[in-house]
2 protein chains.
Amino acid sequence: MERLSFAADVAFVPRGDLLEGVTVAPLSAPMAQGAPFQAAIFRFAPGGRIARHPATDPQILAVLEGSGEVSGANGVTEPVGAGDAVYWAAGEEHEAMSKGGLTALIVEGEALAPFERREP
Amino acid sequence: MERLSFAADVAFVPRGDLLEGVTVAPLSAPMAQGAPFQAAIFRFAPGGRIARHPATDPQILAVLEGSGEVSGANGVTEPVGAGDAVYWAAGEEHEAMSKGGLTALIVEGEALAPFERREP
């Protein structure tokens with residue numbers, strides 16, 4: 001068993017200009033180092049955003065705390081809060097922002113597919 | 001963009017006897033259906049536990065809310081709280097429990113490796 005931390009004090013601000021007011025605390029080894037998928041905790045400060053850009057791979061954003069707005073290919077923003085998640089397909093233009101602050105898990109990977117609930 | 005929910009009211013109790021007082025809300029398609037990795041939210045009620053068993057694949061348990069105790073191959077329990085995560089290797093005997101209740105993300109997959117922080 002190996003202990004890890006994803007607490008706010010070990011999060012960092014990635015290079016690049018897609019993220020504004022957002023820190024990242026990775027859980028798994030990054031795809032940039034060859035992993036087939038990656039999981040990380042993203043913390044949006046109030047007013048934070050991930051600017052509109054195409055998803056490199058399929059991804060799921062799962063809101064753990066707080067609330068915000070997200071949009072996909074059609075550009076229509078929809079509110080999301082704790083317990084909500086969204087799936088974006090590979091190449092899909094998308095955006096995420098929060099007025100009041102938000103903590104989310106983002107999982108991504110070429111083979112990622114969303115869980116499909118089967119009706120009883 | 002596809003909306004998903006992992007809220008408590010859509011979580012279920014998996015078959016089998018490893019979990020006591022724990023519900024599961026999957027985010028991604030399950031490995032049982034061929035996915036190379038999976039991510040799900042596990043909610044431990046007070047007194048809930050995942051009984052000691054070997055990890056099928058490498059896995060990371062990340063505590064999102066609450067606190068609990070975990071152990072790995074050596075059987076020594078260690079406290080964990082929000083912001084803490086643990087990595088268990090494939091085949092590693094492990095256990096997780098919570099007296100007061102705990103919400104965790106579990107990510108697992110054959111190719112999963114923990115994020116290694118590089119000292120500046």
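# A walk through the two-chain model

Start with contacts inside chain A: counting pairs at least 6 residues apart in sequence, 66% of them join residues at least 24 apart (two residues are in contact if their C-beta atoms, placed from the backbone, lie within 7 Å). What you have open is a predicted model, where local features need pLDDT of at least 70, side-chain atom pairs count only at pLDDT 80 or more, and totals for chains, interfaces and linings use all residues. For finding your way, residues are numbered from 1 along each chain as its sequence is written, while chains are lettered from A and ligands numbered from 1 in the order in which they are written.

**Colour by confidence.** Chain A averages a pLDDT of 95, and 98% of its residues score at least 70; pLDDT is the predictor's confidence in each residue, from 0 to 100. For the complex, the predictor gives an ipTM of 0.93 and a pTM of 0.95.

**Select chain A and show it as a cartoon.** You'll find 8 strands and 0 helices (DSSP runs numbered from the N terminus: helices are H or I with at least four residues, strands E with at least two). The radius of gyration of chain A is 14 Å, close to the 14 Å from the globule rule for 120 residues, so chain A is as compact as a globular protein of that length. That radius is taken over C-alpha atoms, and the rule is 2.2 Å times the number of residues to the power 0.38. Along its principal axes, the C-alpha trace spans about 35 × 35 × 30 Å.

**Now bring in chain B.** A turn of 180° and a shift of 0.0 Å along the axis lay chain B on chain A with an RMSD of 0.0 Å. That is the relation of a two-fold axis. The fit is by least squares on the C-alpha atoms of residues with pLDDT of at least 70 in both copies.

**Select the interface.** Here 41 residues of chain B are in contact with 41 residues of chain A. On the chain B side, strands that each supply at least two residues include strand 3 (37–54) and strand 4 (59–71). By class, that side has 28 nonpolar, 7 polar and 6 charged residues. (Ala, Val, Leu, Ile, Met, Phe, Trp, Tyr, Cys and Pro count as nonpolar, Asp, Glu, Lys and Arg as charged, and the others, Gly among them, as polar.)

**Last stop: residues 2–5 of chain A.** This is strand 1, joined by 4 bridges to strand 6 of chain B, and the two run antiparallel (strands pair if DSSP finds at least two bridges between them). Click Ser5(A): its bridge partner is Asp84(B).
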